[in-house]
Amino acid sequence: MSQNEKIEQSYLESLERHKALFETMANYHQECLSLLEACQSTLAQGGKVIWFGNGGSAADAQHLAAEFVVRYKLERGPLASIALTTDTSILTAHSNDYHFDTVFERQVQALCKPEDLVIGLTTSGTSKNINLALAAANDIGAYTVALTGRDGAEVKSIAQLPIIVKNDETARIQEAHMFIGHWLCEAVDMLVAEQQ
């Protein structure tokens, strides 16, 4: 098989794995409605949505926080949301002075209030810095959500609402997380626009 044929086959196989995953997304409908309810409650109480993740999930956290603050589709006012992955001074100072495992936990302790919604993205469910931060948010009294994958690992017993995308491929799990996040933005937009 030529290199071009291998590349074409890779594309089609990736597409098939993506399609197979998305055929299962209806399985998470009720959990996503619970996420929307928690988000709506948080914003109604004057709370904020806090996001964090590592690597590609860090980028997804930033992306979704931006959709809340700026807008998704509908014209509306800004919604309180922040990603804990964007302040390089905090990330580097804490990791240098203490440990990377506690880099999000420290920020949660500083910024989180009981009325907030805290969402950790971890495809494996084993990321110590995500799990410690969610545990810290639980201690504060905030509502915690994990967008995760595989079998949920440790995070499923920490987050109050674990949404476990049952797949073993990191890229596919992240695609599912972004689908959930984008749907959440769309639904929140609809609810907020109705009230204005």
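Buried means under 20% relative accessible area, a cut-off worth keeping in mind for the views that follow. The model shown here is a predicted one.

**View 1. Aspartate 116 and lysine 48 make a salt bridge out of reach of the surface.** By that cut-off, aspartate 116 is buried, and lysine 48 is buried too. The two form a salt bridge, and their closest N and O atoms are 2.7 Å apart. Aspartate 116 sits in the loop between α5 and β3, while lysine 48 sits in the loop between α2 (29-44) and β1, so this pair ties together parts that are 68 residues apart in sequence. Here's the general idea: side chains of opposite charge can pair when their charged atoms come close.

**View 2. Lysine 19 and glutamate 16 pair up within helix α1.** How many salt bridges turn up in a search of the whole structure? The count is eight, and lysine 19 with glutamate 16 makes another pair to look at, with the closest N and O atoms 3.2 Å apart. Both residues belong to helix α1 (residues 3-22), and they are three residues apart, about one turn of the helix. Why does that spacing matter? An α-helix has 3.6 residues a turn, so residues three or four places apart point the same way. Lysine 19 is partly exposed, at 40% relative accessible area, and glutamate 16 is partly exposed as well, at 44%.

**View 3. Arginine 172 and glutamate 175 belong to a salt-bridge network.** In this salt bridge, the closest N and O atoms of arginine 172 and glutamate 175 are 2.8 Å apart. Both are in helix α7 (residues 170-195), and being three residues apart puts about one helical turn between them. Arginine 172 counts as buried at 7% relative accessibility, whereas glutamate 175 counts as partly exposed at 28%. Follow the shared partners and you get one network made of Arg17, Glu169, Arg172 and Glu175.

**View 4. Tyr11, Leu12 and Leu15 make a nonpolar patch on the surface.** The patch covers about 310 Å². Leucine 12, one of its members, is found in helix α1. With a relative accessible area of 43%, leucine 12 is partly exposed.

**View 5. Two aromatic pairs meet edge-to-face****.** The structure has three aromatic pairs by count. One of them joins phenylalanine 22 and phenylalanine 179, edge-to-face, at 5.5 Å centre to centre and 85° between the planes. This pair links distant parts of the chain, with phenylalanine 22 in helix α1 and phenylalanine 179 in helix α7, 157 residues apart. Are these two rings buried or partly exposed? Phenylalanine 22 is partly exposed at 25% relative accessibility, and phenylalanine 179 is partly exposed at 42%. Tryptophan 51 and phenylalanine 68 also form an edge-to-face pair, at 5.9 Å centre to centre and 70° between the planes. Tryptophan 51 comes from strand β1 and phenylalanine 68 from helix α3 (residues 56-69), 17 residues apart. Tryptophan 51 is buried at 0% relative accessible area, and phenylalanine 68 is buried at 1%.

**View 6. Helix α6 has buried residues covered by other elements****.** Its 13 residues (128-140) should span 18 Å at 1.5 Å a residue, and the end C-alpha atoms are 18 Å apart, which agrees. The buried residues of α6 include Asn129, Ile130, Leu134 and Ala137. Among the elements covering them are β1 (49-53), α5 (103-111), β3 (117-122) and β4 (143-149). Right after α6 comes glycine 141, with a positive phi near 105°.

Key. Residues numbered from 1 in each chain as written. Predicted model: local features only at pLDDT ≥ 70, side-chain atom pairs only at ≥ 80, totals over all residues. Heavy atoms only, no water. Helix = DSSP H or I, 4+ residues; strand = E, 2+ residues; numbered from the N terminus. Expected span 1.5 Å × (residues − 1). Buried < 20%, exposed > 50% of the residue type's maximum accessible area, 1.4 Å probe, protein only. Contact = heavy atoms within 4.5 Å. Salt bridge = Lys/Arg side-chain N within 4 Å of Asp/Glu carboxyl O. Patch = residues over 30% accessible without salt bridge, like charges linked within 9 Å, V, L, I, M, F, W, Y side chains within 5 Å. Areas by Shrake-Rupley, 256 points an atom, 1.4 Å probe, with all protein chains shown as cover. Phe/Tyr/Trp six-rings, centres within 6.5 Å; stacked < 30°, edge-to-face > 60°.
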